[in-house]
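Biologist: Could you take me through one part of this model closely, and then place that part among the other features of the chain?

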Amino acid sequence: EPAPTPDPPTTPEPTPAPEPVPAVVPLRIMKGPGWHGEYETDGYRDLCTASWEYLALMDDAYPALADALWEWNTDQSVGAYSFVQEFLTDAKETMAQSPEYFGGFTYESEYTVQRADSLVLSVREDVSSYTGGVHPNYGTVGLNFDTATGARLELTDVLTKTDGLNKLLAEKLRGKYPSEPFAGLDELLMTYSPESYSWTLSYQGITFYFSPYEIAPYAAGLLTATIWFDEMPELFR
C-alpha cells in the first residue's frame, strides 16, 4: 500500500514581545550658595552665620518638581535666618566670656545629588552646626521627590514591605562595622517607623543614614547601610 502522507509541519506561535521599558531621562540640577550672618560691630569677626545651598531644576518638563524645590529653598532660607536670630545673643555672650577662643556659631548645609531623572530626584543633605561646646553636631538626611508630581517620596512608596527592615539593617550594620559594639541596636531599630529613617536612592540601591548619637556614640561618626536592587529585587516597587 502507498505510504501515508505526512502531516504538514506546524509553525510555532510567535512569542509576544516584552512590553517596552520607558526610557529614564536624566535631569539637570543646579546648586547655588545661600548665606545669612551677623558680625561684631567692628566687622572683623563672625558672630553667627548660616550657609546652605539652593536646588534648581533646569528642565521645563516637570513644573511640579520645580515648584517643590522652590518651596524647599524658601524653607531653607527661613530656617537659616531663624538660626542666626535664635543664637545671636548666645554667640555674643560666649564671645564676651572667651574672646580669644571664640570662632563664631555656625550652621552649614550641603547637598549631594544621588539620583536625578524622570522618575526620582534623590538628594543627600549633610548638615552641621556649632553653638558652643566641645564639638559641632552633624547629621545626614535624604530628600526624595517624585519627579512627575513633585511630592516627597515615602519609604513605603519605594519598598513593597517594611516588616523585617529593622532586622535587615541591623545585620548589615554589624557586617559593615564589626568593631562597633552597637549596644541595644535591635531594640532601638524596633522603635523605628518607616518615617523615622533617613535614606536616599541611587541607580544601584537604597542607602540608609544614621547620624552620630542616633544608634552609636558620637565617635562612631555617620553610619550607613545599603540594600542593593539586585540583592533583593522583590523588596522594591
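Modeller: Contact here means heavy atoms within 4.5 Å. With that in mind, and remembering that this is a predicted model, we can begin at Ser 109, which lies in strand β3, residues 105-116. Leaving aside neighbours within four places in sequence, Ser 109 is in contact with Ser 51, Trp 52, Glu 53, Gln 76, Glu 125, Asp 126 and Val 127. Ser 109 has a relative accessible area of 2%, and because buried means under 20%, Ser 109 counts as buried. One of the residues in that list, Glu 125, also meets Ser 109 through a polar contact between the two side chains, at 2.6 Å.

Another of those contacts, Asp 126, leads to the charged pairs, since its side chain and that of Arg 124 meet in a salt bridge, with 3.0 Å from N to O. Asp 126 is partly exposed, with a relative accessible area of 23%, and Arg 124 is likewise partly exposed, at 22%. A salt bridge of 2.8 Å, N to O, joins the side chains of Asp 117 and Arg 115; here Asp 117 is buried at 0% relative accessibility, and Arg 115 is buried with a relative accessible area of 12%. In general, side chains of opposite charge can pair when their charged atoms come close. The whole structure holds six salt bridges, among them one between the side chains of Lys 172 and Glu 231, at 3.0 Å from N to O. That pair links distant parts of the chain, with Lys 172 in helix α3 (residues 165-176) and Glu 231 in the segment after β8 (223-228), 59 residues apart. Glu 231 counts as partly exposed, at 37% relative accessibility.

Turning to strand pairing, strand β4 (residues 120-130) and strand β5 (residues 137-146) pair in the antiparallel sense over 10 bridges. Within this pairing, Val 123 has Leu 143 of β5 as its bridge partner. The hairpin of β4 and β5 has six residues between the strands, and in this hairpin Gly 132 takes a positive phi near 105 degrees.

The nonpolar interior can be described next. The largest nonpolar core has 28 residues, and those with the most contacts inside it are Phe 208, Phe 210 and Ile 215. At least two residues of this core come from each of α2 (155-158), α3, α4 (185-190), β6 (198-201), β7 (205-210) and β8, while α3 gives the most, with five residues. Not counting residues up to four places away in sequence, Phe 210 touches Leu 169, Leu 173, Leu 189, Tyr 192, Tyr 197, Ile 215, Gly 221, Leu 222 and Leu 223.

Finally, the structure holds 12 aromatic pairs. In one of them, the rings of Phe 102 and Phe 105 have their centres 5.9 Å apart and their planes at 50 degrees, so this pair is tilted; Phe 102 is buried at 10% relative accessibility, and Phe 105 is buried at 2%. Tyr 192 and Tyr 197 also form a tilted aromatic pair, with 4.9 Å centre to centre and 45 degrees between the planes, and both of these tyrosines are buried. Ring pairs link Tyr 192 and Tyr 197 with Phe 208 and Phe 210 into a cluster, and this brings us back to Phe 208 and Phe 210 as residues with the most contacts inside the largest nonpolar core.

Terms used: Residues are numbered from 1 along each chain as its sequence is written. This is a predicted model: local features need pLDDT of at least 70, side-chain atom pairs count only at pLDDT 80 or more; totals for chains, interfaces and linings use all residues. Side-chain values use heavy atoms; hydrogens and water are left out. Helices (H or I, at least four residues) and strands (E, at least two) are DSSP runs, numbered from the N terminus. Buried means under 20% relative accessible area, exposed over 50%, partly exposed in between (1.4 Å probe, protein chains only). A polar contact is a pair of N or O atoms within 3.5 Å; within protein, one must be able to donate a hydrogen and the other to accept it, and residues adjacent in sequence count only if both atoms are side-chain atoms. A salt bridge is a side-chain nitrogen of Lys or Arg within 4 Å of a carboxyl oxygen of Asp or Glu. A nonpolar core is a set of buried Ala, Val, Leu, Ile, Met, Phe, Trp, Tyr and Cys residues joined through side-chain atoms within 4.5 Å. Two strands pair if DSSP finds at least two bridges between them. Rings of Phe, Tyr and Trp (its six-membered ring) pair if their centres lie within 6.5 Å; planes under 30 degrees apart count as stacked, over 60 as edge-to-face and the rest as tilted.
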